[in-house]
Amino acid sequence: MLPPEWSWNGAALDAAWRGVASAHAGADLQVWRDGAATRRHLDLFYTPIGDEAGAVRGVLCALAPAAPAAAPAHMPGRERLRILVVEDNPDARFLVGEMLATFGHQVQALGHGEEALVALARKPFDVLFTDVGLPGISGVELARQALLIQPGLRIIFASGFGDTLTRNVEFPAVALQKPYDMQQLEQALDGIHGAPPAAA
């Protein structure tokens, strides 16, 4: 039996099992916190998890504190970013792309660093969001080469080791510890606004 917060929208859950992801903002849900049932205003996300053949084997459900009702998904005065996501895990790639799109950004998601370099040569991006441990070219080396192509690019690294592998890179970057939630992802995006762009 599912917890009530996951089964809140049966139609959306059924759709996720058929391969359709969805996001639901501002749901009033009952959750278990500090040993008691309480109601919280939350955003709810359903993401189908598939196998190599494309069959759905599970559904990832994620909760995040809801934004204030008066606040739109894309905040006035905040830049709508063009973000290139590079993540070799297809489920993680899909999920981070969905979260970034929910924030109102334009997202292109790829699985390999070599593909990303081709994309960077073809059109401009504001942010490179890359896993560190990519097959072939690493995320760190990808960032180095990306900055040669687009010197003003902002860099976010995602890694299960936090900033251990990236703290000594020679260019400004924000490190995001895996696994991360929507709030931490948003904080990482805020971090790149406060950091200076890479020097040309």
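Read along the sequence, the chain follows the pattern α-β-β-β-β-α-β-α-β-α-β-β-α. The model is a predicted one. With the whole chain displayed as a cartoon, 5 helices and 8 strands can be identified. Colouring by relative accessibility gives an overview of the interior: of the 200 residues, 40% count as buried.

**First stop: strand E7**

Select residues 154–159, which form strand E7. This strand is mostly covered, with 5 of its 6 residues buried. Two strands that pair with E7 can be added in turn.

Begin with strand E6, residues 127–131. E6 and E7 run parallel and are joined by 5 bridges. To inspect one position of this pairing, display Phe 129 together with Ile 156 of E7, which it stands opposite. Then add helix H4, residues 139–149. E6, H4 and E7 together make a β-α-β unit, and its hand is right-handed.

Next, select strand E8, residues 174–177. E8 also pairs with E7 in the parallel sense, here over 4 bridges. In this pairing Ala 158 stands opposite Leu 176 of E8. When following the side chains, recall that in a regular strand they alternate between the two faces of the sheet.

**Second stop: the aromatic pair**

Remain at E7 and show the side chains of Phe 157 and Phe 171. The structure holds 1 aromatic pair, and these two residues form it. A pair of aromatic rings is described by the distance of the centres and the angle of the planes. Why is the pair of Phe 157 and Phe 171 described as tilted? The ring centres lie 6.2 Å apart and the planes meet at 45°; planes under 30 degrees apart would count as stacked and those over 60 as edge-to-face, so this pair is tilted.

The pair links distant parts of the chain, its members being 14 residues apart. Phe 157 belongs to E7, whereas Phe 171 lies in the loop between E7 and E8. Are these rings buried or exposed? Phe 157 has a relative accessibility of 1% and therefore counts as buried. Phe 171 is buried as well, with a relative accessible area of 9%.

**Third stop: Gln 177 and the cis peptide bond**

Move to Gln 177, which lies in strand E8. Because its relative accessibility is 40%, Gln 177 counts as partly exposed. Add Phe 161 and draw a distance between the two C-alpha atoms: the value is 6.5 Å, although the residues are 16 apart in sequence.

Now select Lys 178 and Pro 179. The peptide bond from Lys 178 to Pro 179 is cis, with omega near -5°. Pro 179 is placed in the loop between E8 and helix H5, residues 182–194.

**Last stop: the second largest pocket**

Pro 179 leads on to a pocket. Rolling a probe the size of a water molecule over the atoms shows where empty space is left. The second largest pocket encloses about 270 Å³ of space. Its lining has 15 residues, and those nearest the centre are Leu 60, Leu 95, Met 99, Pro 179 and Tyr 180.

Which elements give two or more residues to the lining of the second largest pocket? They are strand E3 (56–65) and helix H2 (90–102). E3 supplies the largest share, 5 residues. Finally, colour the lining by residue class: 13 of its residues are nonpolar, 2 are charged and none is polar.

Definitions and conventions
Residues numbered from 1 in each chain as written. Predicted model: local features only at pLDDT ≥ 70, side-chain atom pairs only at ≥ 80, totals over all residues. Heavy atoms only, no water. Phe/Tyr/Trp six-rings, centres within 6.5 Å; stacked < 30°, edge-to-face > 60°. Buried < 20%, exposed > 50% of the residue type's maximum accessible area, 1.4 Å probe, protein only. Pairing = 2+ DSSP bridges. Right-handed = clockwise from strand over helix to strand, strands pointing away. 1 Å grid on protein atoms, 1.4 Å probe; cavity = no way out; pocket = protein on both sides within 12 Å on 5 of 7 lines; lining within 4 Å. Points joined across faces, edges and corners; volume = space filled by probe spheres on them. Nonpolar A, V, L, I, M, F, W, Y, C, P; charged D, E, K, R; others polar.
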